[in-house]
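Let's take a walk through a protein model together. Have a look at the picture first, and then we'll go through it piece by piece.

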Amino acid sequence: GFLLRTAQARVVRRAVGHWAGAGAARGFDVWRDRASHQARLRRVCGRLAAQWQQRGLALAVRRWREFRAQRRGLRQAGAKVLTRWVSGRACASLDAWRDRVR
């Protein structure tokens, strides 16, 4: 009678408690997975935003390097032309001097 009913009630209460605990555990697992996923999305989006912001800076630095390389090339070409011109003038002067000395 009574003892059987109380024992059954205890078993039923324990089973309900396990089910409720399992439901709560499942709910917690779902919440934890979603929170983890959202945190990952925030990290990934933050990295993408940083890359997009730095893209403009990288473009500016690349253009500056190209400008410097072009300027260096023009300076070297100018120096080469000037050297040839000066050498040519010096050769002409030496040739003229040699012709007069003979």
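We'll start with one side chain: Asp29 counts as partly exposed, because its relative accessibility is 31%, and partly exposed is the class between under 20% (buried) and over 50% (exposed). Keep in mind as we go that this is a predicted model.

So who does Asp29 pair up with? Its partner is Arg32, and the closest N and O atoms of this salt bridge are 3.4 Å apart. Why do these two get to meet? They are three residues apart in helix 1, so about one helical turn separates them. Arg32 also counts as partly exposed, because its relative accessible area is 40%. As for the chemistry, side chains of opposite charge can pair when their charged atoms come close.

Now slide along to Glu66, which forms a salt bridge with Arg62. Here the closest N and O atoms are 3.9 Å apart, which still fits the cut-off of within 4 Å for a salt bridge. Glu66 and Arg62 are both in helix 1, with four residues from one to the other, or about one turn of the helix. Glu66 has 47% relative accessibility, so it counts as partly exposed. Arg62, at 48%, is partly exposed as well.

Further on, you'll meet another pair: Asp95 and Arg98 form a salt bridge, with 3.4 Å between the closest N and O atoms. Both sit in helix 1, three residues apart, which is about one turn. Asp95 is partly exposed at 34% relative accessibility, and Arg98 is partly exposed at 38%. Let's hop back to Asp29 for a moment, though: salt bridges with shared partners tie Asp29, Arg32 and Asp33 into one network. How many salt bridges turn up in the whole structure? The search finds four.

Those pairs use up some charges, but let's look at the overall balance. The protein carries 25 positive side chains and 5 negative ones. The centres of these two sets lie 14 Å apart. Where do some of the positive charges gather? One spot is a surface patch made of Arg40, Arg42, Arg43 and Arg47. Pick out Arg42 from that patch: you'll find it in helix 1, which covers residues 2–101. With a relative accessibility of 57%, Arg42 counts as exposed, because the cut-off for that class is over 50%.

The surface has a nonpolar patch too. Val12, Val16 and Trp19 form it, and together they have about 340 Å² of accessible area. Val12 belongs to helix 1, just like Arg42.

Time to zoom out. What is the whole protein built from? It has one helix and zero strands. The C-alpha trace spans about 145 × 20 × 5 Å along its principal axes. A compact globule of 102 residues would have a radius of gyration near 13 Å, but this protein has 43 Å.

And how much of the chain is buried? Buried residues make up 0% of the 102 residues. The accessible surface adds up to about 9800 Å², and carbon and sulfur atoms account for 61% of that. Now go back to the picture and trace helix 1 from residue 2 to residue 101, looking for the arginine patch and the nonpolar patch on the way.

Notes:
Residues are numbered from 1 along each chain as its sequence is written. This is a predicted model: local features need pLDDT of at least 70, side-chain atom pairs count only at pLDDT 80 or more; totals for chains, interfaces and linings use all residues. Side-chain values use heavy atoms; hydrogens and water are left out. Patches are made of residues with over 30% relative accessible area and no salt bridge: like charges are joined within 9 Å, nonpolar side chains (Val, Leu, Ile, Met, Phe, Trp, Tyr) within 5 Å. Accessible areas come from the Shrake-Rupley method with a 1.4 Å probe; for residues, only the protein chains shown count as cover. A salt bridge is a side-chain nitrogen of Lys or Arg within 4 Å of a carboxyl oxygen of Asp or Glu. Lys and Arg count as positive and Asp and Glu as negative; His and the chain ends are not counted. The place of a charge is taken as NZ of Lys, CZ of Arg, CG of Asp or CD of Glu. Buried means under 20% relative accessible area, exposed over 50%, partly exposed in between (1.4 Å probe, protein chains only). The radius of gyration is taken over C-alpha atoms; the globule rule is 2.2 Å times the number of residues to the power 0.38.
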